[in-house]
Amino acid sequence: MSEPVTMARAINHGLRRAMEDDAKVVVMGEDVGKLGGVFRVTDGLQKDFGEERVIDTPLAESGIIGTAIGLALRGYRPVCEIQFDGFVFPAADQIITQLAKMRMRSLGKLELPVVVRIPCGGGIGAVEHHSESPEAYFTHTAGLRVVACSNPADAYTMIQQSIASPDPVIFFEPKRRYWDKAPLEEDPARWAPLHEARVVHPGEHVTVLAYGPAVKTCLEAAGAAAEEGRSLEVIDLRSLNPLDIGAVVASVERTGRCVVVHEAPVFSGYGAELAARITERCFYRLESPVLRVGGFSTPYPPSRLEDHYLPDLDRILDAVDRTFSW
Amino acid sequence: MTINSVRGAPDTRETADHELVQLLTPEGERVEHPDYPLDLSAEQVRALYRDLVIVRKIDLAAVALTRQGELGLWASLLGQEAAQIGSGRALGDHDMVFPTYREHGVAWCRDVPPINLLGLFRGVNHGGWDPAEHGFHLYTIVIGSQTLHAAGYAMGIQRDGVLGTEKAGATIAYFGDGATSQGDVNESFVFASVFNAPVVFFCQNNQWAISEPLEKQTKIPLYRRAQGYGFPGVRVDGNDVFACLAVTRKALENARDGQGPTLVEAFTYRMGAHTTTDDPTRYRLKAEEEAWKLKDPIERVKAYLVRGDLADAAFFDEVDAEAKRVADDLRKACLALPDPGPMAMFDNVYAESHPLMTEEQERFAAYLASFEEVRS
């Protein structure tokens, strides 16, 4: 294990290691070169790997993904940075109509090992379009794999596993956790598979499902609940598509109660899929409906209000309480 | 006064002689252009004529198959044969084509079996050939998306360090006049320009984007847009196979040599409907079609061959017979194309296993099998 590093550094180390291991890995995006990215995630990479492999692109998100597809067709493994979640939409066409579908279109002859890194979520006091959680748009698109890291150790391993994947991966990075610190596991033999969920806080009474930025909040909620004698089992899903449904079912079968937490709006959000699947598989074991805690059916609010919009410890505990009052 | 008339009529269709590169007139007369010398043997001209006739015949066969319900749709290349054969025959082994869904003539030049083009239109697959084997990417239906793929692939060629060597290749991105309004096409111009990527942007300006005339897309001749992006643009007579060959050849050579992108505007005309579901009588005049008929891309090559005594009647008969054979074979192969089994939709979505999809696949297979049990 390494010294503790921030999540931003952890991803940086992961990118560096992938670039050292495979000369075909290229990093591309707006400001990723000299500046090292607006969050400094790619800091120093251009200096060490050159402008051909760490590409400061024109300011055009569709162009970034579209040319990454072309590079992948030529045998490269592009890792694209979308500067902020709210700016992925100009690229959504290339991601959804081309990146996700090209393998099937080619009857399996083409491989698209493209990673799209998206700093996501709120909580940093940002202006509009800088705090969104667009994961459900992409989990709904067959052909993509969608993952979300929640801590430095996972960020380090998952970015490397995503780059190694022959399928396109949408990689969500919780930007308000960029500065959290933890040691990294450098031995790949000890890494969990990319699409495996992890129980990050074992418990007995209620299963709490989260990913990305909400995992830490749920861990805090588990600590507070313990003081009141409630034992929460927190699962970090890590992978949203595919979903490790086995880990989820195993937990809910034991607890009989489940709360899903994410920052994205609840309506038609990823939690709706979780609730439906859990209901299908654990129907007779459930003591109450699966409850969801998340953003409201409003656009992301101005940052002075975001603390009310984002699921916090109290709203999570409120939902936990409600699972006992059904 | 309508909104469109406020600024007066645009001159996008103006084809002043000095702007248009032409090496063979509609009457079949060979003319010279100082920038595009072209020396073709009689045999090479006959080969081009053969290509033109065969791809037109393939196209007519596909239209007929659609009328008979064997294809769900077809996008006809009628009228654009010279633009496609001229540019297609300029390509080298290391070049990579990024086509739209209308590039059947270019596909012919890249040895894609014509039957493989039909899978998409018959609905048995979304694209049925190996892009790497033919240097010919899959048909792209979303307008303009493939221009970015061409720019990115060209950036890969640069990174391979092959430009200027005998392994050098370029990409050629095909698109139409309508696509020039798309953001992706403009972004691909920017990327190709600032990275000096080896791309030839080959715009077949066939004057119509379904029902919308060129005036709805541009206020200036399209080739002049290249100047704004910082690379050369040239307008070529898109019904002149010699000129299309010469202009594309030069643009490809420049790209392979590290001199960056070129925009080629092949000025042509979509003689047929946009696709077999379209009805051009609703939006354009017969007189316009008649005027373009006089500029037919095949007739002028025939006239040139006859006038120069470069081919006899036996040659023309032989080409017609060969074209008919190709079309007949295509027709037979189309009728023999099997429908895929229902489980094929789960194939090739992911390279590596995907438990959620596998679960759905297994359930659906069991569901289908349950009908078999009932029957037996």
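Here are legends for a few close-up views of chain A, all taken from a predicted model.

**View 1. The two domains of chain A.** The domain assignment splits chain A into domain 1, covering 5-190, and domain 2, covering 198-324. Take the centres over C-alpha atoms and you get 26 Å between domain 1 of chain A and domain 2 of chain A.

**View 2. Where domain 1 of chain A meets domain 2 of chain A.** On the domain 1 side, 23 residues are in contact with 20 residues of domain 2. Looking at the side of domain 1 that touches domain 2, the elements giving two or more residues are α6 (135-139), β6 (145-148) and β7 (169-174) of chain A. The largest share there comes from β6(A), which puts in four residues. As for chemistry, this side of domain 1 is a mix: nine nonpolar residues, eight polar and six charged.

**View 3. Helices α9 and α10 of chain A, packed together.** Here α9 (residues 245-255) and α10 (residues 270-282) pack at an angle of about 60°, and their axes are 10 Å apart. An angle from 35 up to 65 degrees counts as oblique, so α9(A) and α10(A) are oblique to each other. Their crossing is right-handed.

**View 4. The residues between α9(A) and α10(A).** From α9(A), the contact uses A:I245, A:V248, A:V249, A:V252 and A:E253. Facing them from α10(A) are A:R277, A:I278, A:R281 and A:C282. Sorted by class, the contact of α9(A) with α10(A) has six nonpolar and three charged residues, with no polar ones.

How values were computed: Residues numbered from 1 in each chain as written. Chains lettered and ligands numbered in written order. Predicted model: local features only at pLDDT ≥ 70, side-chain atom pairs only at ≥ 80, totals over all residues. Domains from an automatic or database assignment. Contact = placed C-beta atoms within 7 Å. Nonpolar A, V, L, I, M, F, W, Y, C, P; charged D, E, K, R; others polar. Axes fitted to C-alpha atoms, helices over the stretch in contact; angles between N-to-C directions. Parallel < 35°, antiparallel > 145°, perpendicular 65-115°, else oblique. Left-handed = near helix turned anticlockwise from the far one by under 90°.
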